[in-house]
Amino acid sequence: MNVNKIQFILSRFKNKKKLFNEIKNIYLEKNNLISFNKSIPKKMDTFNKYDDLITKRIKYLLSVGFPNDIKNKIINALFKKYITNDEKDFAEKLYLNINELKEIKKLGNEIGGHGSKHLKLEYLSYQKQIEEILNAKKFLIKHKLINNDYWSFCYPHGSYNSKSIKILKKLNASCALTIKEGKINRKSPYEFSRLDTNKLRIY
Ligand SMILES: [Zn+2]
């Protein structure tokens, strides 16, 4: 998934400005500087609040700032250059497989949906959002990891809007998790807050 590729690429750069410039150079091979500058919003306060500004910009450009074809081209070029040529092998080692998921469920854990392509739902049309959520649901049902009328969802990147909630209700999801920090409010089951596990260590 692009989101993981971006994380691995970022981890190879101590100097994020260097990575930013490399992204810019690949972009400028076929596009102009005016459109590059237009792709970056002036304010980025709400986007990944724990990152520094340059990391925020990199993540923004490679997730929603650039059009899909340009974004994929840049991510894949950097992934090949800095991480590996053998994406299939890398993915097999990185991600859980079905049997591992079943084992986790058997041990009493909840397995929920997280979209089929891990896209930011708020930027998608109603129809595209249905696709994202329904395909994830179908996959989990096929492997007996959830029930048809009782299952949970977690918004990819914490991104959702009122359409997402409407779709989840229609598809019988019981609840959905955001990335807002706090205790659960049972009155808003499709906007559950969470506690950050990194912070739980101190208790
Ligand atoms: Zn995720």
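1. Contacts. In this predicted model, half of the picture is long-range: residues 24 or more positions apart account for 50% of the contacts in the protein chain with a separation of 6 or more. Buried residues make up 20% of the 203 residues in the chain.

2. Overall dimensions and domains. Taken along the principal axes, the C-alpha atoms of the protein chain fill a box of roughly 50 × 45 × 35 Å. The domain assignment divides the chain into domain 1 (2-90) and domain 2 (96-200). The centres of domain 1 and domain 2, taken over C-alpha atoms, are separated by 26 Å.

3. Secondary structure. The protein chain has 10 helices and 3 strands. Read from the N terminus, the order of elements is α-α-α-α-α-α-α-α-β-α-β-β-α.

4. Helix α4. This helix covers residues 53-65, 13 residues in total. Its end C-alpha atoms are only 15 Å apart, short of the 18 Å that a straight helix would reach at 1.5 Å a residue. A reader with the model open may wish to look at the path of α4 with those two values in mind.

5. Burial of α4. The buried residues in α4 are K56, R57, I58, K59, L61, L62 and S63. The list thus includes the charged residues K56, R57 and K59 alongside I58, L61 and L62. What covers the buried residues of α4 includes α1 (2-11), α2 (16-30) and α5 (68-82).

6. The sheet. The 3 strands form an open sheet in the order β1-β2-β3, and the pairing is parallel. Its edge strands are β1 (151-154) and β3 (192-194), each of which pairs on one side only. From one strand to the next, the twist averages 35°.

7. Pairing of β1 with β2. Strand β2 spans residues 173-181, and β1 pairs with β2 in the parallel sense over 4 bridges. Within this part of the sheet, S152 stands opposite C175 in β2.

8. Residue S162. S162 lies in helix α9, which runs over residues 162-170. Is S162 buried or exposed? S162 is exposed, because 9 other C-beta atoms lie within 10 Å, and the cut-off for an exposed residue is 12 or fewer. S162 and Y190 are 28 residues apart in sequence, and their C-alpha atoms are 9.8 Å apart in space.

How values were computed:
Residues are numbered from 1 along each chain as its sequence is written. This is a predicted model: local features need pLDDT of at least 70, side-chain atom pairs count only at pLDDT 80 or more; totals for chains, interfaces and linings use all residues. Domain bounds come from an automatic or database domain assignment. The expected span of a helix is 1.5 Å times one less than its number of residues. Two residues are in contact if their C-beta atoms, placed from the backbone, lie within 7 Å. Two strands pair if DSSP finds at least two bridges between them. Axes are lines fitted to C-alpha atoms, for helices over the stretch in contact, and angles run from 0 to 180 degrees between N-to-C directions.
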